[in-house]
Amino acid sequence: MRFMMSLPVPPDALEKWEAQPSKEVVTAMRKFNEEMTKAGVLLAAEGLHATSKGSRIRVSGGKRVVTDGPFSEAKEVIAGFWIIQARSKEEALEWAGRCPLPENGLIEIRQIFETAEFSSELRPQSQPRGNAAAAPGSAAGQGNT
């Protein structure tokens with residue numbers, strides 16, 4: 001089973017952190033990543049820039065509308081994420097529990113859809129990169145990533 005562990009934070013906190021990253025936090029996160037790598041569970045790990053460097057695309061009236069960040073109206077944004085391979089949700093929770101979170105920090109754990117979970121008519125004809133599966137109707141998992 002694959003799981004995504006993500007770090008939701010208020011947008012202003014991410015903007016402040018990006019301007020002055022904490023050596024302690026970066027060092028602790030790198031150590032956490034190394035532990036997961038040595039255990040063979042880490043598939044991917046990335047930190048994300050603040051929303052001031054991002055954009056959003058929204059479909060409205062059948063048209064795609066691009067909005068550049070920052071997204072101050074958002075209550076939370078993703079600061080970073082890990083993709084791990086675990087035998088169970090309990091194992092994923094064990095790994096998430098080791099994450100060096102700051103006081104009041106939050107980590108969200110969600111299982112990733114596998115292609116085999118979809119009925120045969122919803123499975124892609126060719127296997128997408130990384131065995132990614134998408135929710136019906138989305139472009140993700142169709143080789144467009």
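A residue counts as exposed when its relative accessible area is over 50%, as buried when that area is under 20%, and as partly exposed in between. The exercises below use this scale on a predicted model.

**Exercise 1. Classify both residues of the salt bridge between Arg 56 and Glu 73, and locate them in the chain.**

Step 1. The relative accessible area of Glu 73 is 57%. This value is over the 50% cut-off, so Glu 73 is exposed.

Step 2. Arg 56 has a relative accessible area of 32%, and is therefore partly exposed.

Step 3. The two side chains meet at 3.4 Å, N to O. A salt bridge requires a side-chain nitrogen of Lys or Arg within 4 Å of a carboxyl oxygen of Asp or Glu, and the pair is counted as one.

Step 4. Arg 56 belongs to strand E3, while Glu 73 sits in the loop between strand E4 (63-68) and strand E5 (77-85). The pair therefore ties together parts that are 17 residues apart in sequence.

**Exercise 2. State how many salt bridges there are, then describe the pairs Glu 114 with Arg 2 and Lys 53 with Glu 18.**

Step 1. The count is five salt bridges.

Step 2. One of them joins the side chains of Glu 114 and Arg 2, at 2.8 Å from N to O. Arg 2 is in strand E1 (residues 2-9) and Glu 114 is in the segment after strand E6 (108-111), so the bridge ties together parts 112 residues apart in sequence. Both Glu 114 and Arg 2 are buried.

Step 3. Another is formed by Lys 53 and Glu 18, whose closest N and O atoms are 3.0 Å apart. Lys 53 is in the loop between strand E2 (42-47) and strand E3 (55-60), and Glu 18 is in helix H1 (residues 11-19); these distant parts of the chain are 35 residues apart.

Step 4. Lys 53 is exposed, at 58% relative accessible area. Glu 18 has 22% relative accessibility and counts as partly exposed.

**Exercise 3. Give the overall make-up of the protein chain: its elements, their order, its burial and its exposed area.**

Step 1. The secondary structure consists of three helices and six strands. Along the sequence they follow the pattern β-α-α-β-β-β-β-α-β.

Step 2. The chain has 145 residues, of which 26% count as buried.

Step 3. The chain exposes about 10100 Å², and carbon and sulfur atoms supply 52% of this area.

Step 4. Take the contacts between residues at least 6 apart in sequence: 68% of them join residues at least 24 apart.

**Exercise 4. Work out the strand order of the open four-stranded sheet, its edges, and the helices that pack on it.**

Step 1. The order is E2-E5-E1-E6, with antiparallel pairing.

Step 2. E2 and E6 each have a single partner strand, so they stand at the edges and one side of each has no neighbour in the sheet. From one strand to the next, the twist averages 20 degrees.

Step 3. E1 and E6 run antiparallel and are joined by four bridges. Ser 6 has Glu 108 in E6 as its bridge partner.

Step 4. Helix H1 packs on the sheet and touches E1 and E5; its direction makes about 85 degrees with that of E5. Helix H3 also packs on the sheet, touching E1, E5 and E6, and its direction makes about 40 degrees with that of E1.

**Exercise 5. Identify the largest nonpolar core and follow the contacts of Ile 107, one of its residues.**

Step 1. This core has 22 residues. Those with the most contacts inside the core are Met 5, Met 36, Trp 82, Ile 84 and Ile 107.

Step 2. E1, helix H2 (23-39), E5 and helix H3 (89-97) each give two or more residues to the core. E5 gives the most, with four residues.

Step 3. Leaving out residues up to four places away in sequence, Ile 107 touches Met 5, Ser 6, Leu 7, Trp 82, Ala 96, Cys 99 and Leu 101.

**Exercise 6. Decide whether Ile 57 is buried or exposed, and list its contacts.**

Step 1. Ile 57 lies in strand E3. Its relative accessible area is 59%, so Ile 57 is exposed.

Step 2. Ile 57 touches Arg 64, Val 65 and Val 66, with residues up to four places away in sequence not counted.

Step 3. Thr 67 is ten residues from Ile 57 along the chain, and their C-alpha atoms are separated by 6.4 Å.

Notes:
Residues are numbered from 1 along each chain as its sequence is written. This is a predicted model: local features need pLDDT of at least 70, side-chain atom pairs count only at pLDDT 80 or more; totals for chains, interfaces and linings use all residues. Side-chain values use heavy atoms; hydrogens and water are left out. Buried means under 20% relative accessible area, exposed over 50%, partly exposed in between (1.4 Å probe, protein chains only). Contact means heavy atoms within 4.5 Å. Accessible areas come from the Shrake-Rupley method with a 1.4 Å probe; for residues, only the protein chains shown count as cover. A nonpolar core is a set of buried Ala, Val, Leu, Ile, Met, Phe, Trp, Tyr and Cys residues joined through side-chain atoms within 4.5 Å. Two strands pair if DSSP finds at least two bridges between them. Axes are lines fitted to C-alpha atoms, for helices over the stretch in contact, and angles run from 0 to 180 degrees between N-to-C directions.
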